[in-house]
Amino acid sequence: MPTTTTVIIGAGQAGLAMSRCLSERSIDHVILERGEVANSWRTGRWDSLRLLTPNWQSRLPGFRYQGDNPDGFMTMPEVIAYLGTYAAAIDAPVETNSLVTSVRTSRDGYRVTTAGCEWHCRTVVLASGACNKPDVPPVAEAVPGNVTQLTPAHYRNPDQLEEGGVLIAGASATGIQLADEIQQSGRPVTLAVGGHVRAPRQYRGMDIMWWLDAAGILDERYDHVDDIVRARSLPSFQLAGSPTRSTIDLNTLRRHGVKLVGRLAGIRDGSAQFSGSLRNQCILADLKLGRLLDNLDEWATRHGLDPETEPPHRFAPTHVEESPPLLANLTAGDIKTVIWATGYQPDYSWLNVPVLDERGQIQHDGGVTSSPGLYLMGTPFLRRRKSTLIDGVGADARDLSAHIADHLHRVARVTHHAASSQRQPADACGLPEY
Ligand SMILES: Cc1cc2nc3c(=O)[nH]c(=O)nc-3n(C[C@H](O)[C@H](O)[C@H](O)COP(=O)(O)OP(=O)(O)OC[C@H]3O[C@@H](n4cnc5c(N)ncnc54)[C@H](O)[C@@H]3O)c2cc1C
């Protein structure tokens with residue numbers, strides 16, 4: 001049975017960042033990865049996707065973007081190459097094609113099982129990703145058989161879709177990007193919009209990510225927010241990365257011909273039923289955007305940035321038509337495809353340690369679970385607002401690797417103490433202590 005101090009599960013950015021931080025502390029470890037490095041970016045993303053975070057923001061421990069387009073947005077092949085270069089630069093001990101099928105506690109740590117091997121270790125870092133499976137709502141079961149259903153994990157490009165209408169449920173980053181691309185392919189899109197977070201690509205001449213980063217919003221800590229449960233379930237910003245740096249919001253989509261309807265609330269007798277709350281959802285998102293921009297403006301003034309940036313301004317409210325449709329007949333043949341852009345879930349079906357709650361989520365305090373030596377990385381707002389971003393895993397990995405080092409010292413002290421007390425009778429007989 002191979003032995004190491006720490007097993008990291010997953011060679012995405014979270015696992016690699018943790019590897020780098022453990023190496024800095026000379027903590028022996030291995031990364032078990034079911035596919036290749038950056039597997040999620042290789043296998044679970046659509047063809048046209050670009051990062052919505054600018055290149056300068058792809059900062060990882062000991063590594064940053066060195067190219068000549070810091071304000072650009074990486075394509076998927078570029079992200080894969082970037083993470084591959086990082087893995088090589090930090091000499092990450094990755095065992096590829098090693099699917100972890102079970103993690104159990106053992107007498108002095110954990111046993112981590114893969115198809116060909118059982119690893120024994122003191123500590124485990126779960127860096128297996130927060131987006132392992134699409135979160136498809138139960139209403140999907142009522143979609144009539146004549147309509148094809150897809151999730152973003154299996155969508156690649158519009159050519160894959162039958163000609164005809166497409167209903168997309170969910171209007172966060174994924175939903176708006178797919179709506180725009182599919183509408184432009186000539187397939188009329190209906191976008192079901194629930195709660196969403198509106199964000200412009202640029203504000204006062206700077207990228208919105210620059211503002212969020214500089215003003216410290218992305219650094220906000222999990223133990224400083226009022227309602228962390230709510231903060232962890234917030235949808236992603238309605239943002240896209242493109243060479244034109246253009247904003248894609250609901251107004252843009254409407255101008256491009258996308259039909260906006262309320263949240264998909266149910267499907268009955270072959271008809272999709274949309275909530276009547278579209279207008280309220282849009283008003284709320286506009287209000288929240290206004291509040292965010294107010295905060296950014298105040299921050300800019302406090303820091304003397306007004307002379308260096310364009311003047312503050314506000315964006316047009318989201319336009320909602322007078323009476324958006326409340327029903328769409330899915331059996332009439334107009335809508336050929338439904339795409340569930342309703343979020344993702346992690347998959348811990350292989351985790352045999354009792355740290356999951358009733359929803360299958362890991363209970364943790366900033367990535368530290370109640371099972372000593374078991375840690376979590378890469379989930380929403382794990383330790384900071386930016387925890388799921390490429391730019392966010394570094395700070396979390398630094399904190400948690402310090403926790404791992406402390407844990408290992410404590411375990412070593414206890415083990416040493418136990419060994420010394422067992423030798424006590426011998427010492428009492430006057431034998432030397434080794
Ligand atoms: C569509 C989309 C767009 C995104 N765009 C951006 C963006 O622009 N900028 C940004 O910063 N973030 C973005 N993110 C968020 C985040 O950066 C990604 O989700 C990223 O992949 C998370 O990295 P990770 O290392 O936490 O998880 P992952 O990249 O998912 O890595 C986890 C790894 O664990 C492996 N694994 C899982 N289960 C097992 C197992 N049982 N055994 C062995 N290996 C296993 C997987 O194969 C995978 O390689 C985006 C996310 C999505 C879904």
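Ser271 has Asn329 in strand S18 as its bridge partner, and that pairing is a handy way into this predicted model. Strands here are DSSP runs (E, at least two residues) and helices are DSSP runs too (H or I, at least four residues), both numbered from the N terminus. Residues are numbered from 1 along each chain as its sequence is written, and side-chain values use heavy atoms, with hydrogens and water left out. Because the model is predicted, local features need pLDDT of at least 70 and side-chain atom pairs count only at pLDDT 80 or more, while totals for chains, interfaces and linings use all residues.

**The small sheet**

- Strand S17 (residues 271–274) pairs with S18 in the antiparallel sense, over three bridges; two strands count as paired if DSSP finds at least two bridges between them.
- Zoom out a little and you get an open sheet of three strands in the order S16-S17-S18, with antiparallel pairing.
- Strand S16 (264–268) and strand S18 (327–329) sit at the edges, each pairing on one side only.
- From one strand to the next, the twist averages 20°, using axes fitted as lines to C-alpha atoms and angles that run from 0 to 180 degrees between N-to-C directions.
- As a bit of background, strands of a sheet pair through backbone hydrogen bonds, either parallel or antiparallel.

**Around the ligand**

- The ligand is surrounded by 31 residues, and the closest are Glu33, Ser40, Leu52, Thr53 and Ile390; to be near, a residue needs a heavy atom within 4 Å.
- That shell splits into 17 nonpolar, eleven polar and three charged residues (Ala, Val, Leu, Ile, Met, Phe, Trp, Tyr, Cys and Pro are nonpolar, Asp, Glu, Lys and Arg charged, and the others, Gly among them, polar).
- Helix H1 (13–24) and helix H2 (39–43) each chip in at least two shell residues, with H2 giving the largest share, three residues.
- Polar contacts (N or O atoms within 3.5 Å) link an oxygen atom of the ligand to the side chain of Gln13 at 2.9 Å and to a backbone N or O atom of Ile390 at 2.8 Å.
- The protein covers 94% of the 970 Å² of accessible area that the ligand has on its own, by the Shrake-Rupley method with a 1.4 Å probe.

**Aromatic pairs**

- There are eight aromatic pairs, meaning Phe, Tyr or Trp (six-membered) rings with centres within 6.5 Å; planes under 30 degrees apart are stacked, over 60 edge-to-face and the rest tilted.
- Phe63 and Tyr86 make a tilted pair, 5.0 Å centre to centre with 45° between the planes.
- Phe63 lies in the loop between H2 and helix H3 (76–89) and Tyr86 in helix H3, so the pair ties together parts 23 residues apart in sequence.

Note on methods
Polar contact = N/O pair within 3.5 Å; in protein donor to acceptor, adjacent residues only side chain to side chain.
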